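Biologist: I have a model open and would love a guided close look at one part of it. Could you walk me through it slowly?

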Amino acid sequence: MLNSYSYNNVDDSQARSLISELLHESRLYRSGQDYQEMLDFVVRLRNFAPFNAFLLHTQKPGLRFAAFASDWRRRFERTVKEGARPLVIMWPFSPVAWVYDVEDTDGPDLPRDIAEAFRATGPIDQYSIKWFIQSLAKHGIETLQGEYGDGLAGFICKPDSVTTEIVKRVEKTKEPKADKEKSHYRIRLNQAHSPSLRFATLTHELAHLFLGHLGYDGYLKITDRRNIAHELREIEAESVCYIVCRRNGVEPDSWRYLANFRQCEELLARLDYYPLLKAAGRIETVLELATHSRF
């Protein structure tokens with residue numbers, strides 16, 4: 001299966017080099033509208049991890065479905081056309097793998113329900129929030145819910161000290177002694193908000209963590225990116241929130257940030273796609289939402 005970590009087995013420099021080459025050759029994402037279309041494509045192609053969906057979009061924006069040649073033959077009785085151009089994706093334990101668009105294959109029509117095979121999970125409910133909290137606890141991320149004013153949705157921090165069942169006392173300035181030592185974080189959510197809004201808040205705060213806005217974390221393999229300007233941090237976090245939420249049936253309020261962003265070419269030029277898409281995939285994994293498949 002194509003899980004959200006499929007590109008984590010590749011050196012960061014290799015992934016960045018691949019992105020740079022594709023962006024240079026394709027000349028995509030030179031405007032805010034192009035960027036929005038890319039995000040929406042990543043949302044639609046839920047059966048691929050966000051990073052691989054991005055790679056497929058840079059190569060063929062109009063793509064509908066993609067699969068390995070062997071999967072087209074075995075699962076759908078379709079064969080790859082002679083001279084068809086393969087599309088590259090990241091693959092576990094090897095640099096890349098090749099897939100083909102359905103338009104580059106011949107054979108019987110796809111099953112009528114194939115487009116619905118990977119629909120979003122639907123509205124988030126109280127049970128879902130409870131499940132996410134339990135999933136995050138496994139990674140040293142504590143989530144507390146409380147009654148706050150409507151203007152406060154939530155926030156994430158590395159606490160001075162925590163004395164809960166899942167988190168031991170830690171000092172705020174203390175860095176992990178080794179990459180195997182688990183760091184601890186605390187997320188606060190406004191319990192007065194709806195479960196869907198709490199999910200959007202949760203993904204936004206997790207985005208800050210996995211984008212490196214809180215600093216280095218060896219255990220979670222997070223690079224320190226605290227030097228990024230505040231405005232760009234929020235654009236990155238809201239972009240990740242937009243991807244994760246919409247891939248899972250939630251309509252976030254991210255359009256407010258993204259609408260302003262689309263008017264600013266200078267910010268677009270500074271945006272780093274690699275950590276953004278990597279963070280989206282990491283969030284889907286830690287929340288146990290990743291159910292990506294080969295096609």
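Is Phe54 buried or exposed, judged by its relative accessibility? Please start there and then take me through its surroundings.

Modeller: Happy to! Please keep in mind that this is a predicted model. Phe54 counts as buried, because its relative accessibility is 0%, and the cut-off for that label is under 20% relative accessible area.

The helix around this residue tells a similar story. Phe54 sits in helix H3, which runs over residues 50–59. Ten of the ten residues of H3 are buried, so this helix is largely enclosed by the rest of the structure. Among the buried residues are Pro50, Phe51, Asn52 and Ala53 ahead of Phe54, and also Leu55, Leu56, His57, Thr58 and Gln59. You will notice that the list includes Asn52, His57, Thr58 and Gln59 alongside Leu55 and Leu56.

Now for the aromatic rings. A pair of aromatic rings is described by the distance of the centres and the angle of the planes. A search of the whole structure finds six aromatic pairs, and two of them involve H3, as follows.

Take Phe51 with Tyr274: their rings are arranged edge-to-face, with 5.5 Å from centre to centre and 85° between the planes. This pair links distant parts of the chain, since Phe51 belongs to H3 while Tyr274 belongs to helix H10 (residues 273–286), 223 residues apart. Phe51 is buried, because its relative accessible area is 0%. Tyr274 also counts as buried, at 2% relative accessibility.

Phe54 and Tyr273 make a stacked pair, with centres 5.6 Å apart and planes at 25°. It too links distant parts of the chain, from Phe54 in H3 to Tyr273 in H10, a separation of 219 residues. Tyr273 is buried as well, with a relative accessible area of 7%. There is a third ring to add here: Tyr35 joins Phe54 and Tyr273 in one aromatic cluster.

If you follow H10 onward from these tyrosines, you can pick out another link. The side chain of Glu284 is joined to that of Arg247 by a polar contact of 2.6 Å. Arg247 lies in helix H7, which covers residues 230–247, and Arg247 is buried, with a relative accessible area of 3%. After H10 comes the segment that holds Glu288. Glu288 has a positive phi of about 60° although it is not a glycine. That is worth a glance, because most residues other than glycine have a negative phi. Glu288 counts as partly exposed, at 36% relative accessibility.

Glu77 makes a good partner for that last residue. Its phi is also positive, at about 55°, and again the residue is not a glycine. Glu77 is found in the loop between helix H4 (69–76) and strand E2 (79–80). This residue is exposed, with a relative accessible area of 61%.

One more glutamate deserves a look, this time in helix H6 (residues 195–210). Glu205 is buried yet has no salt bridge, and the nearest side chain of opposite charge, Arg233, is 10 Å away. Because a salt bridge requires the charged atoms to lie within 4 Å, the distance of 10 Å to Arg233 leaves Glu205 without one. Setting aside neighbours within four places in sequence, Glu205 is in contact with Gly154, Phe155, Ile156 and Ile187.

H6 also contains Pro195, which is buried with a relative accessible area of 17%. The C-alpha atoms of Pro195 and Asp125 are separated by 5.4 Å, although the two residues are 70 residues apart along the chain. Not counting residues up to four places away in sequence, Pro195 touches Ile124, Asp125, Gln126 and Ile129.

To set all this in the whole chain: the protein has ten helices and eight strands, and buried residues make up 52% of its 295 residues. Among contacts with a separation of 6 or more, 75% come from residues 24 or more positions apart. The two ring pairs between H3 and H10 are separated by 223 residues and 219 residues. The accessible surface of the chain comes to about 14800 Å², with 48% of it belonging to carbon and sulfur atoms.

Note on methods. Residues are numbered from 1 along each chain as its sequence is written. This is a predicted model: local features need pLDDT of at least 70, side-chain atom pairs count only at pLDDT 80 or more; totals for chains, interfaces and linings use all residues. Side-chain values use heavy atoms; hydrogens and water are left out. Rings of Phe, Tyr and Trp (its six-membered ring) pair if their centres lie within 6.5 Å; planes under 30 degrees apart count as stacked, over 60 as edge-to-face and the rest as tilted. Helices (H or I, at least four residues) and strands (E, at least two) are DSSP runs, numbered from the N terminus. Buried means under 20% relative accessible area, exposed over 50%, partly exposed in between (1.4 Å probe, protein chains only). Lys and Arg count as positive and Asp and Glu as negative; His and the chain ends are not counted. Contact means heavy atoms within 4.5 Å. A polar contact is a pair of N or O atoms within 3.5 Å; within protein, one must be able to donate a hydrogen and the other to accept it, and residues adjacent in sequence count only if both atoms are side-chain atoms. Accessible areas come from the Shrake-Rupley method with a 1.4 Å probe; for residues, only the protein chains shown count as cover.
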